[in-house]
Amino acid sequence: MNREDFECLDNTPEGRGDHSRKIDERLGFQVDQIEAELLERARKLRPGGHLWTLGQGLHEGSQTWIGLDPQVIQTPYAEIVEILDLLDLKCSKKVVDLGAGYGRMGIVLNVVSPSSSFLGLELVIERVKEGQRIFKNLSLDAELIEQDLTNDEFELPIADIYFLYDFGEVRHIKKILDLLPVDKKFQLVARGKGSQSLIDHKFPWLSDVGPVIRKENFSIYTNL
């Protein structure tokens, strides 16, 4: 696939969602089936559960958004292209995706900046295995691994670029932000109102010091 395949002329949420679903099908992803199976298992554990509690019941208290539309859980491919175009990728960079889902960022990064490296961290093992399968089919030199970001022993990998989605509770997102290296240069893409609000109100060394690029669904912060 090439860059044009990931671009979408219809920039409405519905248009980007439909476009991403078609790309998933073209790549061979079985996202809908996997998410449906996860939802079925979660409902058996918590028959009266709802969106906020189903994932927590299945994943030991961690919020994994089981039951949410698969196209809402993941960043649209077209938006990933938009994000990567705004980042400093003139030379090879290490990109770490915190809450990577099925690894879409790694797939698009390989096309837009093939010399850059990708490490995706995701709690839900079913999503990890499916992403790994697609990476292997595409012969991508990229990593997608199982990782609980809320674990007290988690150590944030050093990277040039971090991508942070609202993966769970505010306190867990704050914990990740607390791990960011104050004394190293990096760019942080925060997607979701929770992450952006936390940074803007609690992390002035990111929001007030370096330049900030603000878009409808995400903001890009630059440290140092």
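In these exercises, contact means heavy atoms within 4.5 Å. The structure is a predicted model.

**Exercise 1. Work out where Q187 sits, whether Q187 is buried or exposed, and which residues Q187 is in contact with.**

Solution. Begin with the element: Q187 is found in strand β5, which covers residues 186–191. Next take the accessibility; because buried means under 20% relative accessible area, Q187 at 12% counts as buried. Finally list the partners, leaving aside the neighbours within four places in sequence: Q187 is in contact with L87 and D88, with D160, I161 and Y162, and with I220, Y221 and T222.

**Exercise 2. Describe the surroundings of L156, and state how far the C-alpha atom of L156 lies from that of P181.**

Solution. L156 is placed in the loop between β3 and β4, the latter being residues 161–165. Although L156 lies in a loop, its relative accessible area is 13%, so L156 is buried. Beyond its neighbours within four places in sequence, L156 is in contact with L98, Y162, L179, L180 and P181. For P181, which is 25 residues away along the chain, the separation between the two C-alpha atoms is 8.9 Å.

**Exercise 3. Locate H172, decide whether H172 is buried or exposed, and name the residues that H172 touches.**

Solution. H172 belongs to helix α9, residues 170–179. Its relative accessibility is 11%, and H172 therefore counts as buried. When residues up to four places away in sequence are not counted, H172 touches T150 and F167.

**Exercise 4. Check the span of α2 against its expected value, then find its buried residues and the elements they pack against.**

Solution. The 15 residues of α2 should span 21 Å at 1.5 Å a residue, and because the end C-alpha atoms are 21 Å apart, the model agrees with the expectation. The buried residues of α2 are G15, R16, G17, H19, S20, I23, D24 and L27. These buried residues pack against α1 (3–6), α3, α5, α6 (77–86), α7 and α8. Just after α2, G28 takes a positive phi of about 95°.

**Exercise 5. Carry out the corresponding analysis for α8, and say which residue just after α8 takes a positive phi.**

Solution. Helix α8 runs over residues 125–137, and its 13 residues reach 18 Å from the first C-alpha to the last, close to the 18 Å expected at 1.5 Å a residue. Its buried residues are R127, V128, E130, G131, I134 and F135. In reading such a list, recall that an α-helix has 3.6 residues a turn, so residues three or four places apart point the same way. The buried residues of α8 pack against the helices α2 (13–27), α3 (31–45), α5 (70–73) and α7 (104–112), and also against the strands β2 (117–122) and β3 (143–146). The residue with a positive phi just after α8 is S139, at about 55°.

**Exercise 6. Characterise the fold of the protein chain as a whole, from its elements to its charges.**

Solution. The protein chain holds eleven helices and seven strands. Its radius of gyration is 17 Å, close to the 17 Å that the globule rule gives for 224 residues, so the chain is as compact as a globular protein of that length. Along the principal axes, the C-alpha trace spans about 50 × 40 × 30 Å. Of the 224 residues, 52% count as buried, and among contacts between residues at least 6 apart in sequence, 66% join residues at least 24 apart. The accessible surface comes to about 11,000 Å², of which carbon and sulfur atoms account for 49%. Finally, there are 27 positive and 37 negative side chains, and the centres of the two sets lie 1 Å apart.

Notes:
Residues numbered from 1 in each chain as written. Predicted model: local features only at pLDDT ≥ 70, side-chain atom pairs only at ≥ 80, totals over all residues. Heavy atoms only, no water. Helix = DSSP H or I, 4+ residues; strand = E, 2+ residues; numbered from the N terminus. Expected span 1.5 Å × (residues − 1). Buried < 20%, exposed > 50% of the residue type's maximum accessible area, 1.4 Å probe, protein only. Rg over C-alpha atoms; globule rule 2.2 N^0.38 Å. Areas by Shrake-Rupley, 256 points an atom, 1.4 Å probe, with all protein chains shown as cover. Lys, Arg positive; Asp, Glu negative; His and termini not counted. Charge placed at Lys NZ, Arg CZ, Asp CG, Glu CD.
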